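Please open the structure in a viewer and set the side chains to be displayed as sticks. The tour below proceeds by selection.

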Amino acid sequence: MRKVAIVGIGQVPVREHWDSGLREMAVRAILDAMQDADVRNCDALYVGNMLAGYLSDQSNLGALLADYAGLQVSEAVSLEAACGSGAAAFRQAVLAVASGMVESAIAVGVEKLTEHSDVSPTNGLATAADADFEAAMGLSFVAINALLMRRYMHEYKCRKENFAGFVINAHDNARHNPHAMFRQAIHLEQYQHAKLIADPINLLDSSPIADGAAAVVIVPAEQAKQFAQPAVIVNACEVGVDTLSLSKRKDPLKLGAVTQSTQRAMQTAGINHTDIDLLEAHDAFSVMTTLALEAAGFAEYGQGTQLANPATIGINGKLPLSTFGGLKARGHPVGATGMYQIVEAVTQLRHQAPDAIQVSDAKRAMVQNIGGSASYVVTTILERDKA
Amino acid sequence: MDLPRIWRLKSQRYKLEGSQCKSCQKLSFPPVQVCSDCRSQEIEPFRFAGKGSVYSFSTVYNPLTQFTEFVPYVVALIDLAEGPRITAQLTDVKPEDVSIGMKVEMVIRKISEQSDKGAIVYGYKFRPPIK
């Protein structure tokens, strides 16, 4: 397998997009990524999406988007792995180019969650869990995370306030990201008094439902220098898989798929934790941030919230986290999220982030996209090409 | 949800029927076709007694649409006495009276109503034991 590089990125702002549909958002992101790379076409298109079939009566997105983006492709297909759909599409694009099957590929993530009056996005998101034995019993996807948070607080004697630092950090960074949904800072008091969604998870523990699309262009690394933008090399893109249901895991607080995918990615890239300059984590809920940091080896089990302070996760900290606002504040258009994370990490590694959130001399980024309650996890290691 | 699907699940919903591996005796709920421990496909039904304790719980305020009438309702992970963990609603208890480790037992209750014209789904919920 050959190395691949990202040479183009595109994204639409994460919003409630009343004026654009699924295809307009996705096509915009694709065209922007191709313009950024200065290419006219790509050989293959991989689409990450979770709920177009459920909410928008639209499946078969590969063919739809290839057509509307004006692409002449040998393959166009959509991939679904709940909130991990974006990374699933990215990984497929990486594999397609790495294997030599195609010379260039586009990965796009797209999601339209906000305009549906007769079908509920909450019900749609719950399809990420077991339909017969979790959702059918009344568990929303938030409730599943709430079960984890309650148990975590019980087992580790952890107070709710301990999670706040992750949320405050995400909002702080999003202020400087023009594509973010929530561009305002929040304070501890707001966090403490936010409305409960599924106890103990409140509104400010949770990432917002939103629309969005983000895309990248991938080519063989040996060709990367021909492109205008600083190339970013994909040094690893590795998966971990766990049971769909929380109830079937021996210890639900230890996210096995996060551990697997992180270890594999670090091994493939030949690096360890201290080599990472920034981490785009899957902070869909503050408890998920915590559990993922622990399972990925950035903290001991039960100690994850100790990282939730500016000296550690701030832009100038040891491990800058969710540098463009993360899922929490940039927004979480589920199937697009994994692609936003990649686009943001690439922006950091190109040193093109807004000054206030640019990690200084960023060379290497880790991106982790989590599907379901960590049933499908993709960890990607990106590195700025040595010029 | 379609009627045949509700019908197919009646042994699980009404009788808490899971499965046991004939080879290594591992118990599972929901039932499996292949043992997750030893890969054996020699599996037989196993009916759980419906006693257990709360592993974790949450009070839901923002429900799935078919559960709107129950808000706020309590969902839980429950460790069954025989071993497996199960996801279910708690009933006959105030949210503030629920705690981790609390003993519970299974009862049959209305789970959800699909719509005005749809099916009413019945099945297991768990409550503090009646002495």
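The stops that follow concern aromatic rings, charges over rings and enclosed space in a predicted model.

**First stop: an aromatic pair in chain B**

A pair of aromatic rings is described by the distance of the centres and the angle of the planes. Over all chains, a search of the whole structure finds nine aromatic pairs. To view one of them, select B:Phe29 and B:Tyr124, whose rings meet edge-to-face, with 5.8 Å centre to centre and 75° between the planes. Which parts of chain B does this pair tie together? B:Phe29 belongs to the loop between strand 2 (27-28) and strand 3 (43-47), whereas B:Tyr124 belongs to strand 8 (residues 120-127), so the contact ties together parts that are 95 residues apart in sequence. Because its relative accessibility is 5%, B:Phe29 counts as buried. B:Tyr124 is buried as well, with a relative accessible area of 0%.

**Second stop: the aromatic cluster**

Keep B:Tyr124 selected and add B:Phe126. These two residues also form an edge-to-face pair, at 6.5 Å centre to centre and with 65° between the planes. B:Phe126 has 0% relative accessibility and therefore counts as buried. Now extend the selection to A:Phe133, B:Phe46 and B:Phe48; together with B:Phe29, B:Tyr124 and B:Phe126 they form one aromatic cluster.

**Third stop: the largest cavity**

Rolling a probe the size of a water molecule over the atoms shows where empty space is left. In this model the count comes to four cavities of 30 Å³ or more. The largest cavity holds about 50 Å³ of space. Which residues line the largest cavity? From chain A, select A:Phe133, A:Glu134, A:Ser245 and A:Ser247; from chain B, select B:Phe29, B:Pro30, B:Arg85, B:Ile86, B:Thr87 and B:Tyr124. A:Phe133, B:Phe29 and B:Tyr124, already seen in the aromatic cluster, are thus among the lining residues. Strand 6 (residues 85-90) of chain B gives the most to this lining, with three residues. By class, five of the lining residues are nonpolar, three are polar and two are charged.

**Last stop: lysines over aromatic rings**

Select B:Lys10 and B:Trp7: B:Lys10 lies over the face of B:Trp7, at 4.1 Å from the ring centre. Then select B:Lys125 and B:Phe70, where the charged end of B:Lys125 sits over the ring of B:Phe70, 4.4 Å from its centre.

Technical notes:
Residues are numbered from 1 along each chain as its sequence is written. Chains are lettered from A and ligands numbered from 1 in the order in which they are written. This is a predicted model: local features need pLDDT of at least 70, side-chain atom pairs count only at pLDDT 80 or more; totals for chains, interfaces and linings use all residues. Side-chain values use heavy atoms; hydrogens and water are left out. Rings of Phe, Tyr and Trp (its six-membered ring) pair if their centres lie within 6.5 Å; planes under 30 degrees apart count as stacked, over 60 as edge-to-face and the rest as tilted. Helices (H or I, at least four residues) and strands (E, at least two) are DSSP runs, numbered from the N terminus. Buried means under 20% relative accessible area, exposed over 50%, partly exposed in between (1.4 Å probe, protein chains only). A charge sits over a ring if NZ of Lys or CZ of Arg is within 6 Å of the ring centre and within 35 degrees of the ring normal. On a 1 Å grid over the protein atoms alone, a cavity is a set of points where a 1.4 Å probe fits but cannot get out, and a pocket is an open set with protein on both sides within 12 Å along at least five of seven lines; lining residues have an atom within 4 Å of a point. Grid points are joined across faces, edges and corners, and a volume is the space filled by probe spheres set on the points. Ala, Val, Leu, Ile, Met, Phe, Trp, Tyr, Cys and Pro count as nonpolar, Asp, Glu, Lys and Arg as charged, and the others, Gly among them, as polar.
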